[in-house]
Amino acid sequence: MNEMQITKIFAPAKVNLTLHVTGQRKDGYHLLDSLVVFADVGDRITVRPNDANRLEVIGPKAAGVPTDGSNLVCKAADLFGVPVHITLSKHLPAMAGIGGGSSDAAATVLALAELTGDARLPDVTTLGADVRVCLMRQASRMRGIGEDVSPIEAMPPLFAVLANTGVEVSTPSVFKALECKNNPPMPKKLPRWKTTAAFINWLATQRNDLEAPAIKGTPQIADTLEALNALPDVRLVRMSGSGATCFALFETREQAERAAAVLRDEQPNWWVEACQLS
Ligand code: C5P
């Protein structure tokens, strides 16, 4: 390992454009069929060799983020067994359905692999169901409990506003509140969407099965969806993951940025970001 080497890596927000819950395993984990994409907003991670493991958390969303071994970033670094100093700059809200912790863990794995020169990535399934798709960092179809990931080859450009009121959501409690665990999957073969408009029209025929149980426990999610639905030029509104972050889809970046400005004016205390999804 090069002692002087510093590795910087971006940890993008993960967005579930669809999330179908299609079954439940005997161990309690749920089988999913989800179209996962990544935003050009996210956290930033810097890794440098050190004589002991250390995690420093900075940035606008650093409050409350653990800096001890319980942070997924530390667990990810532990897979390599070399001591490092990690600086995590948090821009994504925590427990928010956009994979902040999972994306940070996946980015740490990629940074450590570069730093150590390890060509083979370790098994990340122990870190969490979403970490594997976050290693891909590109539009993917995720099945099983998250271990079965296949990239989507051609996706039209897609723009979004992400919004979160600040309320945190516990993923296990949302899965627990889900009444029907055996919902239909997405079509076996996904269409080849030629335009952004056609893609959004197709997405509107699909679902996030966790939306209803999440709203039951966290009514702020309904407020978020309502506020996004009222924005100019919006084409589709949905919750990501187990919430509470919701997204509104747009055909152009200008439309997304204009809508984000409107929402920030209305709700100055919400986390609101315009982004491209890919
Ligand atoms: O794997 P991760 O730690 O992100 O999952 C958090 C919790 O969400 C799990 O303990 C489980 O209760 C629930 N979960 C699930 N099925 C999945 C993913 C997560 O039931 N596919």
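This passage walks through the domains, the core, the annotated sites and the ligand shell of the structure shown above.

The model is predicted: local features need pLDDT of at least 70, side-chain atom pairs count only at pLDDT 80 or more, and totals for chains, interfaces and linings use all residues. Residues are numbered from 1 along each chain as its sequence is written.

A good place to start is the overall layout. The chain is assigned domain 1 (7-148) and domain 2 (153-277), with bounds that come from an automatic or database domain assignment. Their C-alpha centres lie 21 Å apart. Across the boundary, 27 residues of domain 1 are in contact with 35 residues of domain 2; two residues are in contact if their C-beta atoms, placed from the backbone, lie within 7 Å. On the domain 1 side, the elements giving two or more residues are β1 (7-24) and β2 (30-49), and β1 provides the largest share, eleven residues. Helices (H or I, at least four residues) and strands (E, at least two) are DSSP runs, numbered from the N terminus. By class, this side of domain 1 divides into 15 nonpolar, nine polar and three charged residues. In this scheme Ala, Val, Leu, Ile, Met, Phe, Trp, Tyr, Cys and Pro count as nonpolar, Asp, Glu, Lys and Arg as charged, and the others, Gly among them, as polar.

The interior comes next. The largest nonpolar core has 76 residues, and those with the most contacts inside it are Val15, Ala160, Val161, Leu162, Ala163, Leu228 and Ala248. Such a core is a set of buried Ala, Val, Leu, Ile, Met, Phe, Trp, Tyr and Cys residues joined through C-beta atoms within 7 Å. A residue is buried if 20 or more other C-beta atoms lie within 10 Å of its own, exposed if 12 or fewer, and partly exposed in between, with C-beta atoms placed from the backbone. Each of domain 1 and domain 2 supplies at least three residues to this core. Beyond its neighbours up to four places away in sequence, Ala248 touches Ala160, Val161, Leu228, Leu231, Val234, Val237 and Ala259.

Turning to the annotations, the unreviewed UniProt entry lists Lys14 and Asp130 under "active site". UniProt positions are given in the numbering used here, feature names are shortened, and annotations may be inferred rather than shown by experiment. Although spread over 117 residues of sequence, the two cluster in space, with a largest C-alpha distance of 9.0 Å. Lys14 is found in strand β1 and counts as buried because 28 C-beta neighbours lie inside 10 Å. Asp130 sits in the loop between α2 and α3 (131-136), and its 25 C-beta neighbours inside 10 Å make it buried. Leaving aside neighbours within four places in sequence, Asp130 is in contact with Lys14, Gly99, Ser102 and Gly146. Under the same kind of exclusion, residues up to four places away, Lys14 touches Val36, Phe38, Ile98, Gly99, Ser102, Ser103, Asp130, Val133 and Cys134.

Several of these partners recur in the "binding site" of the unreviewed UniProt entry, whose listed residues include Ile98, Gly99, Ser102 and Ser103, along with Met95 and Gly97. Met95 lies in the loop between β4 (84-89) and α2 (100-116), and it is partly exposed because 18 other C-beta atoms lie within 10 Å. Its contacts, not counting residues up to four places away in sequence, are Glu168, Val169 and Ser170. Gly97 is in the loop between β4 and α2, but is buried, with 30 other C-beta atoms within 10 Å. Outside four places in sequence, Gly97 is in contact with Val169 and with Met239, Ser240, Gly241, Ser242, Gly243, Ala244 and Thr245.Finally, the ligand is surrounded by Tyr29, His30, Leu32, Gly128, Ala129, Asp130, Ile145, Gly146, Thr171, Pro172 and Phe175, where a residue is near a molecule if its C-beta atom, placed from the backbone, lies within 6 Å of it. This shell draws at least three residues from each of domain 1 and domain 2. Helix α4 (171-177) and strand β2 each supply at least two residues, and α4 gives the most, with three. By class, the shell has six nonpolar, four polar and one charged residues.
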